[in-house]
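Student: I have a structure open and would like to learn how to read it piece by piece. Could you walk me through some of it?

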Amino acid sequence: MRTLIASLAFALLVLSVPAAAQEPAGPKAQSVLTPGDSVRIEVWRKPEFSGDFVVAPDGTITHPLFRSVRVAGLPFATAEANLRTFLGQYEENPQFVMEPLIRVAVSGEVTRPLVFAARPETSIGEAVARAGGTTQFGARNRVRVIRLQPNGAQEQLLIDLADPSKTEGTLPVRSGDQIVVDRRKSFFRDIMVPALGIIGSVASVGLLIERASRP
């Protein structure tokens, strides 16, 4: 009975994948995997094909059986089709689910700076939350997203997570995003302390000159 229920549940999950592909393009449909990202693969009744696997530098999957399956640099639907073709060598109409996991780094004024694998629908705000949120010195209105463009150029987005009326924080992350929470500016720490240091240095120099000029 349990086997029958599990079979039906997996069948429903697999059948829902093609239907989702026909919906308007979302983060998953638009995602393109790059080396260093991962894929989560579940093949029905084939545990040797299932698991989380890193995308190799040559764009294939780091698994002895998947070395010929290219997934990087392609629309995810194409990568999924490549896997389907490969699995078709072993059984007709293979039942599987493939999920992209993209690499994201969060640093700066966050509780736990980290690099992790995220689902494409993960928002920038959720990525910061996964790093433990901002520290007491974090400037939630100055969250920088450093993003690599297909042509190799870097783009920098400035995100305001402090204002609920702004929706930039709901934008989905992309592969290789570096999210940096800036430190909140302080008048005393950033202006007064350096100024006092300069004044003190000038006063010290003046004192030395005065002493040196004495007979």
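Student: Let's start with T60. Which residues does T60 touch, leaving aside those up to four places away in sequence?

Tutor: Happy to help, and keep in mind that this is a predicted model. Setting aside residues up to four places away in sequence, T60 touches V54, V55, F66, R67, V69 and R70. You will find T60 in the loop between β2 (51–54) and α3 (76–87).

Student: Is T60 buried or exposed?

Tutor: Relative accessibility tells you, and buried means under 20%. T60 comes out at 8%, so T60 counts as buried. Look at its side chain as well: a polar contact of 2.7 Å links it to the side chain of D58.

Student: Next, the helix. How does the reach of α3 compare with the expected one?

Tutor: Take the distance from the first C-alpha to the last and set it beside what 1.5 Å a residue would give. With 12 residues, α3 reaches 17 Å, close to the expected 16 Å.

Student: Which residues of α3 are buried?

Tutor: They are F76, A79, E80, L83, F86 and L87. Around the axis they cover an arc of only 120°, so they lie on the same side of α3. On the face turned away from that buried side, α3 carries the exposed residues A77 and T85.

Student: And the strands? In which sense do β5 and β6 pair?

Tutor: Here is a general idea to start from: side chains in a regular strand alternate between the two faces of the sheet. In this model, β5 (residues 138–148) and β6 (residues 154–159) pair in the antiparallel sense, over 6 bridges. To find the register, start at V143, which stands opposite I159 in β6.

Student: What should I look for in the hairpin of β5 and β6?

Tutor: Check the backbone angles there. The hairpin has 5 residues between the strands, and G152 takes a positive phi near 95°.

Student: One last residue, D177. Where is D177 placed, and is D177 buried or exposed?

Tutor: D177 belongs to strand β7 (residues 177–183). Its relative accessibility is 0%, so D177 counts as buried.

Student: Which residues does D177 touch, beyond those up to four places away in sequence?

Tutor: D177 touches R103, V104, A105, V145, I146 and R147. With R147 there is also a side-chain to side-chain polar contact of 2.7 Å. For a sense of distance, D177 and R144 are 33 residues apart in sequence, and their C-alpha atoms are 10.0 Å apart in space.

Definitions and conventions
Residues numbered from 1 in each chain as written. Predicted model: local features only at pLDDT ≥ 70, side-chain atom pairs only at ≥ 80, totals over all residues. Heavy atoms only, no water. Helix = DSSP H or I, 4+ residues; strand = E, 2+ residues; numbered from the N terminus. Buried < 20%, exposed > 50% of the residue type's maximum accessible area, 1.4 Å probe, protein only. Polar contact = N/O pair within 3.5 Å; in protein donor to acceptor, adjacent residues only side chain to side chain. Contact = heavy atoms within 4.5 Å. Expected span 1.5 Å × (residues − 1). Arc of directions from axis to C-beta. Pairing = 2+ DSSP bridges.
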